[in-house]
Amino acid sequence: MSEHPDVVHNPPTTVEVDYTPGPVLKTEGPWTPLLWDMDGTLLDSAVAIVRRLRETLLHFGVTPPSDDQLKFLIGPPTGTSLLRFIGTARIDESRAYYRSLSERDGLKDQQLFPWILSTLKTLHEAGIPMGVATSKPQHEAERLCDAYGMTPYFTAIVGGNEERKDKASVIAEVLRQLGNDNALMIGDRFYDTDGAALNGIPTVLVRWGYAHEKEFAGAMATVSNETELLELLLGSGKVA
């Protein structure tokens, strides 16, 4: 393999989660609309994403960290994740390469968490409007919602594009489409809590995703399973 001159000198061998929570936003339910992150919240995609990240780094001459470390790169736009390893001159090329792998792989090695469809159905039948807010490209977000049977439950499906390059702007677009009576973000990483906070809404973090333990300190609440989530959303609406 030929050497690439624009690779970052001495790229990191670990992925540090540099996160200090700010003030935690808290509101009382009922919450509407509900905004859902995708990777690590709706979709168990770690195996697929980690494989593509590893393959991309190797293609650009970078020895990747361990798979457990690469999981911490799941959440922000792909270019943001790759930037710390690959020089800025090749970040667009590396992002395009990663996306070509995504197109190649299709739905391989990813699936909904087993309880997601029943949870969405319950909330939909309760009359709560919902939307997807993901950093995945817009076309991929729509494709995945269609493929896994989630589209009927969402009034808005919003992903990233040239105008929406971070989670805050994605969330802002969902709120523009759905309104913000008393909105709530449901995610798994600090990118969700931070993006929601910039839009003035709180976040519930699920513990079945890909967060480092320190990230949970920034959430209004955390839930470990679908029962806890539904009890919070459909129960008293109060956070302990």
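Biologist: Which residues does Ser45 touch, not counting residues up to four places away in sequence?

Modeller: Happy to help, and please keep in mind that this is a predicted model. Ser45 sits in the loop between strand 2 (43-44) and helix 1. Leaving out residues up to four places away in sequence, the residues that Ser45 touches are Asp39, Gly40, Gln110 and Tyr210.

Biologist: Thanks! Is Ser45 buried or exposed?

Modeller: The cut-off for buried is under 20% relative accessible area. Ser45 has 0% relative accessibility, so Ser45 counts as buried.

Biologist: Gln110 came up as a partner of Ser45. Where is Gln110 found, and why does Gln110 count as buried or exposed?

Modeller: Gln110 is found in the loop between helix 4 and strand 3 (111-112). Setting aside neighbours within four places in sequence, Gln110 is in contact with Leu43, Asp44, Ser45, Ala48, Leu144 and Tyr148. Because its relative accessibility is 5%, Gln110 counts as buried.

Biologist: How many Å separate the backbone oxygen of Gly106 from a polar atom of the Gln110 side chain?

Modeller: A polar contact needs a pair of N or O atoms within 3.5 Å. Between the backbone oxygen of Gly106 and a polar atom of the side chain of Gln110, the distance is 3.1 Å.

Biologist: Let's turn to the nonpolar core. Which helix gives the most to the largest nonpolar core?

Modeller: That core has 55 residues, and Leu34, Trp36, Ile116, Leu120, Met150 and Phe154 touch the most other members. Phe154, for instance, touches Trp36, Leu42, Leu120, Met130, Gly131, Val132 and Cys145, not counting residues up to four places away in sequence. With five residues, the helix that gives the most to this core is helix 1 (residues 46-59).

Biologist: Now the largest pocket, please. Which residues of its lining lie nearest its centre?

Modeller: This pocket holds about 560 Å³ of space. Its lining divides into nine nonpolar, ten polar and twelve charged residues. Helix 1, helix 3 (78-83), helix 4 (91-105), strand 4 (130-137) and helix 7 (167-178) each supply at least two of the lining residues. Of the 31 lining residues, those nearest the centre are Pro77, Thr78, Gly79, Arg99 and Ser135.

Biologist: One last residue: is Gly200 buried or exposed?

Modeller: Gly200 has its place in the loop between helix 8 (190-198) and strand 7 (203-206). Its C-alpha atom is separated by 14 Å from that of Val170, 30 residues apart along the chain. Exposed means over 50% relative accessible area. At 53% relative accessibility, Gly200 therefore counts as exposed.

Technical notes. Residues are numbered from 1 along each chain as its sequence is written. This is a predicted model: local features need pLDDT of at least 70, side-chain atom pairs count only at pLDDT 80 or more; totals for chains, interfaces and linings use all residues. Side-chain values use heavy atoms; hydrogens and water are left out. A nonpolar core is a set of buried Ala, Val, Leu, Ile, Met, Phe, Trp, Tyr and Cys residues joined through side-chain atoms within 4.5 Å. Buried means under 20% relative accessible area, exposed over 50%, partly exposed in between (1.4 Å probe, protein chains only). Helices (H or I, at least four residues) and strands (E, at least two) are DSSP runs, numbered from the N terminus. Contact means heavy atoms within 4.5 Å. On a 1 Å grid over the protein atoms alone, a cavity is a set of points where a 1.4 Å probe fits but cannot get out, and a pocket is an open set with protein on both sides within 12 Å along at least five of seven lines; lining residues have an atom within 4 Å of a point. Grid points are joined across faces, edges and corners, and a volume is the space filled by probe spheres set on the points. Ala, Val, Leu, Ile, Met, Phe, Trp, Tyr, Cys and Pro count as nonpolar, Asp, Glu, Lys and Arg as charged, and the others, Gly among them, as polar. A polar contact is a pair of N or O atoms within 3.5 Å; within protein, one must be able to donate a hydrogen and the other to accept it, and residues adjacent in sequence count only if both atoms are side-chain atoms.
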